[in-house]
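Q: Got a minute to go over this model with me? I'd like to get my bearings before going back to the bench.
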Amino acid sequence: MLRDGVKEELKKIAGETNVSFSKEDLICYSYDATNSPYPPDAVVFPRSSAEVSSILKLANSERFPVIPRGAGTGASGGSLPVEGGVVLSTERMNAIIGIDADNLTAVVEPGVVTWEFQQEAEKFGLFYPPDPSSLKFSTIGGNIAECAGGPRAVKYGVTRDYVLGLEVVLPTGEIVDTGVVTAKGVVGYDLTRLMVGSEGTLGVVTKAVLRLVPMPEYSVTVQAVFPSLRDAASAVAGVIKAMIIPSTLEIVDSVSTRCVEEYVRIGLPKDGAFLLMEADGTKAAALGEMERMKRICLDNGASRMDEAVDKKAVKDLWKARRAISASLYRIRPGKINEDVVVPRSRIVELITGIETIARKRGLLIACFGHAGDGNVHVNVMYDGKDEREAAEAKTAVTDVFELVLKLGGTLSGEHGVGITKAPYLGMELGQPLIDAMKSIKKALDPNGILNPGKIFPRSHAG
Ligand SMILES: Cc1cc2nc3c(=O)[nH]c(=O)nc-3n(C[C@H](O)[C@H](O)[C@H](O)COP(=O)(O)OP(=O)(O)OC[C@H]3O[C@@H](n4cnc5c(N)ncnc54)[C@H](O)[C@@H]3O)c2cc1C
């Protein structure tokens with residue numbers, strides 16, 4: 001609970017209309033995509049880094065938690081106030097400060113919605129590739145804090161690869177500029193990289209200098225249908241082995257396809273799995289690459305291949321792809337959504353292993369995702385009212401993580417640790433590494449006020 005004096009101070013810092021203690025707001029800001037509510041004591045909407053700094057200084061003197069928040073689409077509980085405190089929403093810091101077409105860079109505030117930034121960059125013939133499926137509502141700040149990726153990561157990389165520099169308010173309230181505005185820079189430790197993916201635990205991003213690339217001249221999109229997910233996964237491994245780097249190589253299983261088709265109704269296949277493949281670049285290069293990928297798909301049993309003939313067809317396919325996650329609730333009210341990654345050559349083993357786990361646990365596990373990166377969204381479906389199913393679902397997640405680590409993979413490619421994966425951190429990282437990470441946290445946030453209760457399991461919280 002916040003003292004009345006603290007509430008008054010927050011109003012003084014951000015302005016009366018930029019702080020809320022209303023029950024409605026506290027409920028709204030207690031959620032993210034994990035659907036497990038933790039109500040804050042206040043929500044504050046700062047408009048400048050100076051205001052963010054004052055809020056953090058107050059938090060240190062009064063010892064209350066501050067939880068940075070973008071759009072609240074996070075899939076690991078990163079923006080949830082698990083210990084109460086003040087949610088610091090960046091939604092009113094949403095200016096695109098400038099796009100510098102001469103230097104292929106842009107400066108933006110953290111609350112800018114990723115899609116809106118991409119549309120603005122496009123007006124200059126420029127391209128900001130990171131494209132999480134939540135891009136129409138998630139923010140640049142949230143993408144940076146989670147190092148978001150998306151379908152285009154297979155060719156273009158993830159958010160980290162587009163961040164040149166940051167303005168960050170450290171947990172103790174100092175405002176620092178990390179990185180550079182130039183194309184290169186190696187002066188001092190690379191704190192930009194440290195901040196990217198730090199899940200709002202090491203600082204609040206208040207500005208970002210982003211790298212842009214020229215818009216590709218041409219792009220071609222093909223949907224390839226396979227009798228089984230395993231065949232589709234073999235084709236993915238074949239594409240990578242042939243040293244083709246498409247701009248997108250997404251895999252979707254039959255459960256996901258059926259669910260999403262009921263919503264989008266664009267004629268997706270009723271049976272089997274499909275790959276959504278894109279190649280871009282010059283027209284000749286993109287078409288040539290796609291021809292090679294189609295041949296590999298045929299060699300791996302593809303039964304049908306449909307090219308998206310116009311912009312509407314491309315848009316429909318992407319609308320379907322981005323709606324899969326939400327559509328899965330049609331089959332079960334509960335979903336544990338993991339985003340594991342394995343070396344790309346082992347993707348068939350991952351898919352086969354997950355099929356075995358689903359059979360063993362008597363569960364439906366829907367798989368889709370960025371197969372070209374070896375990054376598969378594994379959705380363990382269950383009904384929370386069915387005790388057996390809920391318990392099996394939890395065990396299935398551990399089974400999947402064990403399998404992934406055995407295959408040389410990692411537990412999360414995009415969603416981060418947050419609270420949902422904190423209990424599993426020790427499965428992947430050794431204690432000395434966890435201790436080193438905790439020392440960094442302690443050095444930057446001695447009072448533990450910034451986003452406490454995240455990443456480290458409770459027994460490691462320290
Ligand atoms: C339907 C759906 C599809 C998704 N698809 C993808 C996908 O393809 N790829 C992917 O990577 N993720 C995906 N996600 C997960 C999520 O959208 C991303 O993690 C996204 O980057 C979160 O952005 P946000 O603005 O919603 O951040 P929030 O959820 O509000 O916050 C996420 C984390 O960032 C921190 N944070 C937010 N703003 C700041 C800031 N300014 N400074 C410091 N820390 C900050 C928060 O404290 C929290 O830890 C998906 C989610 C949904 C619901």
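**Contacts, a sheet and a helix**

A: Sure. This is a predicted model, and in the protein chain, residues 24 or more positions apart account for 72% of the contacts with a separation of 6 or more.

Q: What does the secondary structure come to?
A: The protein chain has 15 helices and 18 strands.

Q: And how much of the chain is buried?
A: Buried residues are 50% of the 462.

Q: What radius of gyration does the chain have?
A: The protein chain has 22 Å, which agrees with the value near 23 Å for a compact globule of 462 residues.

Q: Switching to the sheet with β1 in it: what's the strand order?
A: The order is β1-β2-β4-β3, an open sheet with mixed pairing. β1 (19–20) and β3 (66–69) are at the edges with a single partner strand each, so one side of each has no neighbour in the sheet.

Q: How do β3 and β4 run?
A: They run parallel, joined by four bridges. Arginine 69, for one, has serine 89 in β4 as its bridge partner.

Q: Which helix packs on that sheet?
A: Helix α1 (residues 4–14), which touches β1, β2 (42–44) and β4. The direction of α1 makes about 15 degrees with that of β2.

Q: New topic: α11. Where does α11 bend?
A: At arginine 321, by about 25 degrees.

Q: Which residues of α11 are buried?
A: Leu317, Ala320, Arg321, Ile324 and Ser325.

Q: What do those pack against?
A: The buried residues of α11 pack against several elements, including β12 (218–226), α9 (254–264) and β16 (334–341).

Methods. Residues are numbered from 1 along each chain as its sequence is written. This is a predicted model: local features need pLDDT of at least 70, side-chain atom pairs count only at pLDDT 80 or more; totals for chains, interfaces and linings use all residues. Two strands pair if DSSP finds at least two bridges between them. Helices (H or I, at least four residues) and strands (E, at least two) are DSSP runs, numbered from the N terminus. Two residues are in contact if their C-beta atoms, placed from the backbone, lie within 7 Å. Axes are lines fitted to C-alpha atoms, for helices over the stretch in contact, and angles run from 0 to 180 degrees between N-to-C directions. The bend at a residue is the angle between axes fitted to the seven residues ending there and the seven starting there. A residue is buried if 20 or more other C-beta atoms lie within 10 Å of its own, exposed if 12 or fewer, and partly exposed in between; C-beta atoms are placed from the backbone. The radius of gyration is taken over C-alpha atoms; the globule rule is 2.2 Å times the number of residues to the power 0.38.
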